[in-house]
Amino acid sequence: MSVPFPATVMTRDRFKALSWNIHLSDPEEDVRNDQKKGTPQHDKLFRIQPLMDDIRNACKAHYHPRKELAVDERMVATKAKTGMTQYMKDKPTKWGIKLFVLAESSNGYTLNFNLYVGKSHTPSMHGLSYDAVMDLIQASHLGTGSHIYMDNFYTSPKLFLGLANINFGACGTYRDNRKGCPSKRANALNKKSKRGTIRWIREGPLVFVKWMDTREVSLCSTIHPAFSGEAVQRRVKGGDGHWAVKDIPCPTPIIAYNKNMGGVDLSDQLLQYYSTHRRTARWYRTLFLHFVDIATTNAYILHCEISHTQQVQHMTHKNFLEELVSQLCGVDKTGVAIQRSTDHVPVAIGVATDVKEKATQGCRICHRCQQVEKKRNLTPWKCKACDVALCLVVDRNYFEEWHR
């Protein structure tokens, strides 16, 4: 039942040593930041900020998305007592650190994300949902004209008008009690309304639509007309007790919402197939592994997009990750080492200009002699790539032995 491949790359103890020593920021700066706890100057994300910025910049730099984008939450599973851990009862992962994610609707590519750190010391003028979307939408990267789909946590007339002012369209379900949304109209839908009944109101660029399916659905859009003649199929029980499939009128925004809202869910699905997530003793290592998942998943999506452009068959997700791992580890899939570089050649440690100093200048203690034989043999040679001093004489040729 063993898997022999990992042992060909490194030993268990070395893997554990690397895992224990992963740190993403300056430890001395961490101490100074921890002393500011409880004050507005304390940065909760200081330990992961450098890598998080690099990952976000890479997500933006290597891919320009299509028009339809989706905003939603994502949970990174952990129960660490960080002050950022959230409980969301409606999510499959109920306990974890919450991310606000912007993803492309068609393929699930993660374009941008922000971590939710809890209540801010300075109150927001517009509210959390408004700020979460606006922080993800950057015209300098996306350009203008994109269509943003979101659920009822984010949707508000203020947000949609703000997006319209910077030339972004928006569409999403809304809550009737949200400020600025129409409610308690004379011709509003009720429990007796027939399936397929539509009500809509336009206020400037905003169109508010209500549609009766098995229950009432409320949706707002700055992109679509209220109704263009579309229909959806539903199983309806007739008067004789038999079920039949019938065409039910459906508003245009709802059809577009159902088609394009699943970008973040698709991204989550791809992340979970071959995730590196595991239980760790430090919360920032959990996020480090999640960032690795984002990078590898986005790389696979880019591979699929390039293959489609070149009209060639793309690799499966599993085969792509196997190839990625083998290249990163410098071995083929059977575990045989691959010749990775020609930089592992002996070079002189120091360059002596005086003939009398050639034998002594720039000598260092041989690394292999000191570790294995406990001797302090001096050598003028080192490996160009490794920067390790090694003996290179007739009776002590440790250069080949070290690199084997």
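Ring pairs join F100, Y116, F153 and Y154 into a cluster in this predicted model. Within that group, F153 and Y154 make a pair of their own, with ring centres 4.9 Å apart and planes at 85°, so this one goes down as edge-to-face; the cut-off for that label is over 60 degrees. The two partners are not alike in how much of them shows. F153 comes out at 24% relative accessibility and so counts as partly exposed, while Y154, at 0%, counts as buried. The line between these two classes is drawn at 20%. Another member of the cluster, Y116, has a charge to go with its ring: K98 lies over the face of Y116, 4.9 Å from the ring centre.

Looking at the whole structure, the search turns up nine aromatic pairs. One of them is F113 with F291, whose ring centres are 5.6 Å apart and whose planes make an angle of 35°, which puts the pair in the tilted class. As for where these two rings come from, F113 belongs to strand β4 (residues 110-115) and F291 to helix α10 (residues 283-309), so the contact ties together parts of the chain that are 178 residues apart in sequence. F113 and F291 are both buried.

F113 also has a charged partner. R56 lies over the face of the F113 ring, at 6.0 Å from its centre. Taken together, F113 pairs with F291 and has R56 over its face, whereas over in the cluster it is Y116 that has a lysine, K98, above its ring.

Methods:
Residues are numbered from 1 along each chain as its sequence is written. This is a predicted model: local features need pLDDT of at least 70, side-chain atom pairs count only at pLDDT 80 or more; totals for chains, interfaces and linings use all residues. Side-chain values use heavy atoms; hydrogens and water are left out. Rings of Phe, Tyr and Trp (its six-membered ring) pair if their centres lie within 6.5 Å; planes under 30 degrees apart count as stacked, over 60 as edge-to-face and the rest as tilted. Helices (H or I, at least four residues) and strands (E, at least two) are DSSP runs, numbered from the N terminus. Buried means under 20% relative accessible area, exposed over 50%, partly exposed in between (1.4 Å probe, protein chains only). A charge sits over a ring if NZ of Lys or CZ of Arg is within 6 Å of the ring centre and within 35 degrees of the ring normal.
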